[in-house]
Amino acid sequence: MRNVLVTGASTGFGRLTVEALARRGHQVFAGLRDIRGRNEKAAAELTALATDDGVNLRVVELDVTDQSSADRALDGVIVTAGRLDAVVNNAGLIFPGPLEAFTAEEAQRQFDVNVLGALRVNRAALPQLRRQGSGVLIQVGSLAGRVTIPYSGLYAASKAALASLTEAWHHELAPFGVESVIIDAASYPTNIGANAVMPADQARMGVYGETFGRFVTQLTGPQMEAPADPRAVSDAIVALVEAPDGERPQRTVVAPGPQLEATQALNAAALTTARTISADMGVSTFLTF
Ligand SMILES: NC(=O)c1ccc[n+]([C@@H]2O[C@H](COP(=O)([O-])OP(=O)(O)OC[C@H]3O[C@@H](n4cnc5c(N)ncnc54)[C@H](OP(=O)(O)O)[C@@H]3O)[C@@H](O)[C@H]2O)c1
């Protein structure tokens with residue numbers, strides 16, 4: 001049994017993950033923001049599931065854009081569980097659209113959730129994990145963090161940043177017995193589209209109107225008619241939580257056939273490059289591969 005905190009558990013991958021982990025006998029803390037407002041229904045459903053199915057699942061208030069919220073959530077989890085084995089940084093959203101149409105303030109909001117959110121939650125969790133000498137930070141990344149397609153520039157930049165942070169944690173925390181890993185997930189049907197935040201500057205949007213429209217039509221065309229099952233991602237998160245300590249892969253790709261193979265090849269090449277550069281810089285003993 002592992003004690004696990006998952007952020008952004010109201011819908012999508014996060015919701016599937018907390019339900020799957022709880023059903024497999026883990027003690028699960030489902031982090032939701034605004035549990036007395038926008039997420040009241042989701043919180044009630046998760047609490048009912050715990051009672052009805054007799055599983056160990058608790059809802060905790062956690063807005064990843066607020067350090068004091070993260071600190072309170074982690075303090076509560078540690079007091080209740082006594083220890084913490086895994087933190088799943090899943091909370092995220094997408095600001096899609098032409099890069100030129102976004103203001104710097106909108107870009108800050110994209111990074112505030114997808115990048116700084118994980119920094120805040122991990123900062124709150126790490127003193128406990130270091131004390132224990134064990135635990136894993138699991139970040140939910142994206143193929144967009146590896147390959148940038150048009151009109152997802154802000155999102156791609158945020159996921160690339162999240163991947164860089166994951167690698168830095170991986171190297172820096174290894175001496176403390178703490179792991180840091182990331183999932184490179186392909187596109188799966190969740191609420192991410194419904195929750196997308198479009199640029200407010202409609203005039204700049206309009207300049208790209210025709211090509212953006214064609215792109216969206218193609219992206220949501222017939223090839224997407226049979227959407228893949230998002231459980232592929234929650235299953236991968238569960239597998240990482242349950243993997244023996246010290247044996248988790250730094251990157252796990254969850255994607256259909258050709259995307260899976262291409263991303264795995266890219267990750268293998270990146271690993272070779274990292275080994276070469278770190279050896280050349282004389283710092284390879286500080287890096288864990
Ligand atoms: N679906 C995909 O195709 C895909 C692919 C690769 C990676 N991802 C990543 O997977 C993760 C989960 O996304 P999803 O696809 O499952 O989308 P989703 O159904 O929209 O779920 C996103 C979750 O993040 C939460 N969230 C947003 N802002 C938050 C905040 N400030 N504090 C706490 N929670 C917050 C949402 O809560 P509210 O209900 O309160 O908004 C929701 O629970 C994200 O990091 C996303 O970037 C998704």
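**A walk from the ligand to the cores**

Start with strand β5: this strand gives the most to the shell around the ligand, with three residues. Keep in mind that you're looking at a predicted model.

Now select the whole shell. There are 30 residues around the ligand, and S10, R33, N90, Y155 and T190 come nearest. Color them by class and you'll get twelve nonpolar, 14 polar and four charged residues.

Next, zoom in on a few polar contacts. Click R33 and look at its side chain: an N or O atom there sits 2.8 Å from a ligand oxygen. Move to Y155, where a polar side-chain atom is 2.6 Å from an oxygen atom of the ligand. For V64, show the backbone instead, since that's where you'll find an N or O atom 3.1 Å from a ligand nitrogen.

How much of the ligand does the protein bury? Turn on the surface: taken alone the ligand exposes 890 Å², and the protein buries 96% of that. To see which elements give two or more residues to this shell, highlight α1 (12-23), β5 (136-142) and α6 (153-173).

Time to leave the ligand and pick out the largest nonpolar core. It has 38 residues, with V18, L32 and L57 touching the most other members. Helix α9 (residues 231-242) supplies the largest share of this core, six residues.

Stop at V18 and show what's around it. Beyond its neighbours within four places in sequence, V18 is in contact with V6, A9, V28, A30, L46 and L57.

Last stop: a second, separate core of 33 residues, with V77, A163, V178 and I182 among them.

Notes. Residues numbered from 1 in each chain as written. Predicted model: local features only at pLDDT ≥ 70, side-chain atom pairs only at ≥ 80, totals over all residues. Heavy atoms only, no water. Core = buried A, V, L, I, M, F, W, Y, C linked by side-chain atoms within 4.5 Å. Buried < 20%, exposed > 50% of the residue type's maximum accessible area, 1.4 Å probe, protein only. Helix = DSSP H or I, 4+ residues; strand = E, 2+ residues; numbered from the N terminus. Contact = heavy atoms within 4.5 Å. Near = heavy atom within 4 Å. Polar contact = N/O pair within 3.5 Å; in protein donor to acceptor, adjacent residues only side chain to side chain. Areas by Shrake-Rupley, 256 points an atom, 1.4 Å probe, with all protein chains shown as cover. Nonpolar A, V, L, I, M, F, W, Y, C, P; charged D, E, K, R; others polar.
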